[in-house]
Amino acid sequence: MNNTVLLVSLLTVFIAINVPVAVALGAAAVIVGFLMQGDFNFVGSVLFSSLQKIELLAIPFFILAGNVFNKCGIMSRLFRLVDSLVGRVHGKTAIVTSGVSVMLGGLSGSGPADTAALGATLGPIMKERKYAPGFIGALISSSGALGLVVPPSIAFILYGVAVPGISIGKMFIAGIFPGLLIGLLIAVTAYLISKHRKYDPPRDAVSLAVVGRAFSHSILGLFAPIIIIGGIYLGIFTPTEAAGVAVIYGLVVGLVAYREIGFRDLSEIARTTALDTATVMFIIACASLFSWIITIDGTIVQLVGELSATVSAEWQVFLLAGIVLLIAGLLLDGASIYLILVPILIPMVRAQGIDLVWFGVFVAAAVAIGQFTPPVGVNLFVAARVLNIRVEEILSEILPFITAALIALLLLYFFPALSLWLPSLMPK
């Protein structure tokens, strides 16, 4: 049996018997690698070399920053601000949830983390306002996926690892308009469903006094993404340095300004960050091992090379990439997709002269859809756990939000300026 076929077959079997995806990737790679190499000497060197990349240093910092921001009271203040800006419309809270998710994506960079924060903070409010539990879960799991597109995004850091030479700073800036676009389409979808079902009937009109108070209370939270993204945009600091600045800023806001976290909370924040970081790094290491086996076997690389010869247009590359990434999203987590599939797709992208920043944003949007697409969509399970509902309830409501995200994906292809205009204005 061909080594690649055996590798994929083992992965499929492991996933079918509910082995965690990261473990399934690593176990399949170790078994096939042993059959190919005759020993296990390759395992340690590949695992450690996969983590010895300077770009990955930003990940634990952004995870720490996200955990600090989620604890320090910024979420509730952002909710009150966006709530004050939305007038008399059906489904006001659902629309506000989408707006807050865009702002939250500018603080955390992690889809599951944003989903958990949205569910814990806004889920009870939506339940109180009589939204169906499944609808709440669908909205929050799809909104949480914006963390992959809205900068600072861990997905863009992984893209920088998978595509050496790409500017992660440019990727961050390129995600601003696409993130806003996806958030807008999710909000429109939530509004249409809410109006049809008569959720959350119109209440108070916009009041400048209320908006002013909400703005003054949330201004420190709003400054966080401005400092992070503005510093990168102006070339003041690198993405890794921006992550460190975000941590310090969040601690100052939480400990000194809002005083909603104390020194006793820091140990819990550190513990959560350590666990989250270890999980991400374990996935990266196992996915890299799986990718190494694919590379040295050469079957898929040869197949892609032959396929590249038949691809003669830009739209064909994007169509193929979209299909591959969306199907992969049904089975694999985002980190695995970036480290296994993106390097395989890049030669076709380069051959057609496609801008790597534009393609990177397209990839991030496609991978984000996988975060709330069954059966493996991690945001679905996070939302179900936080809201204390069954995943099946969310699945019955998720299709309109997947459709909205797919429309956004098409718009990102047809209008590349959405991704490329802001990076083109960055200082050289």
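1. Let's start with Ser194, whose side chain reaches the backbone oxygen of Ala190 at 2.7 Å. Keep in mind as you look that this is a predicted model. Ser194 lies in helix H11, which covers residues 176-197. An α-helix has 3.6 residues a turn, so residues three or four places apart point the same way.

2. Is Ser194 buried or exposed? Ser194 has a relative accessible area of 0%, so it counts as buried. Which residues does Ser194 touch, once its neighbours within four places in sequence are left aside? The contacts are His90, Gly91, Ala94, Tyr131, Phe135 and Tyr199. Try clicking on each of them in the viewer.

3. Helix H11 also holds Arg197, and this residue takes us to a distant part of the chain. The side chains of Arg197 and Glu397 meet in a salt bridge, at 2.9 Å from N to O. Glu397 sits in the loop between helix H21 (391-395) and helix H22 (399-414), and the two partners are 200 residues apart. Their surroundings are worth noting too: Glu397 counts as buried at 12% relative accessibility, whereas Arg197 is partly exposed at 36%.

4. How many salt bridges does a search of the whole structure find? The search gives 3. As general background, side chains of opposite charge can pair when their charged atoms come close.

5. Another of these pairs is Glu268 with Arg271, where the closest N and O atoms are 3.1 Å apart. Both residues belong to helix H14 (residues 263-297), and because they are 3 residues apart there, about one helical turn separates them. Glu268 is partly exposed, with a relative accessible area of 33%, and Arg271 is also partly exposed, at 46%.

6. Arg390 and Glu392 give a further salt bridge, with 3.7 Å between N and O. Glu392 has a relative accessible area of 48%, so it is partly exposed.

7. Now look at helix H20, residues 378-387. Which of its residues are buried? They are Asn379, Leu380, Val382, Ala383, Ala384 and Leu387. Just after H20 comes Asn388, which takes a positive phi of about 60°.

8. On the surface you can find a nonpolar patch formed by Trp315, Leu319, Ile323, Ile327 and Leu330. Together these residues have about 470 Å² of accessible area. Leu319 has its place in helix H16, residues 314-329. Why can Leu319 belong to a surface patch? Patch residues need over 30% relative accessible area, and Leu319 qualifies on that point because its value is 46%, which makes it partly exposed.

9. Finally, step back to the whole chain. Its secondary structure comes to 23 helices and 0 strands. The radius of gyration is 21 Å, close to the 22 Å that the globule rule gives for 428 residues, so the chain is as compact as a globular protein of that length. Along its principal axes, the C-alpha trace spans about 70 × 45 × 45 Å.

10. Two more figures describe how the chain is packed. Buried residues make up 54% of the 428 residues. Among contacts between residues at least 6 apart in sequence, 80% join residues at least 24 apart. As for the outside, the chain exposes about 18000 Å², with carbon and sulfur atoms supplying 69% of that area.

How values were computed: Residues numbered from 1 in each chain as written. Heavy atoms only, no water. Patch = residues over 30% accessible without salt bridge, like charges linked within 9 Å, V, L, I, M, F, W, Y side chains within 5 Å. Areas by Shrake-Rupley, 256 points an atom, 1.4 Å probe, with all protein chains shown as cover. Salt bridge = Lys/Arg side-chain N within 4 Å of Asp/Glu carboxyl O. Helix = DSSP H or I, 4+ residues; strand = E, 2+ residues; numbered from the N terminus. Buried < 20%, exposed > 50% of the residue type's maximum accessible area, 1.4 Å probe, protein only. Polar contact = N/O pair within 3.5 Å; in protein donor to acceptor, adjacent residues only side chain to side chain. Contact = heavy atoms within 4.5 Å. Rg over C-alpha atoms; globule rule 2.2 N^0.38 Å.
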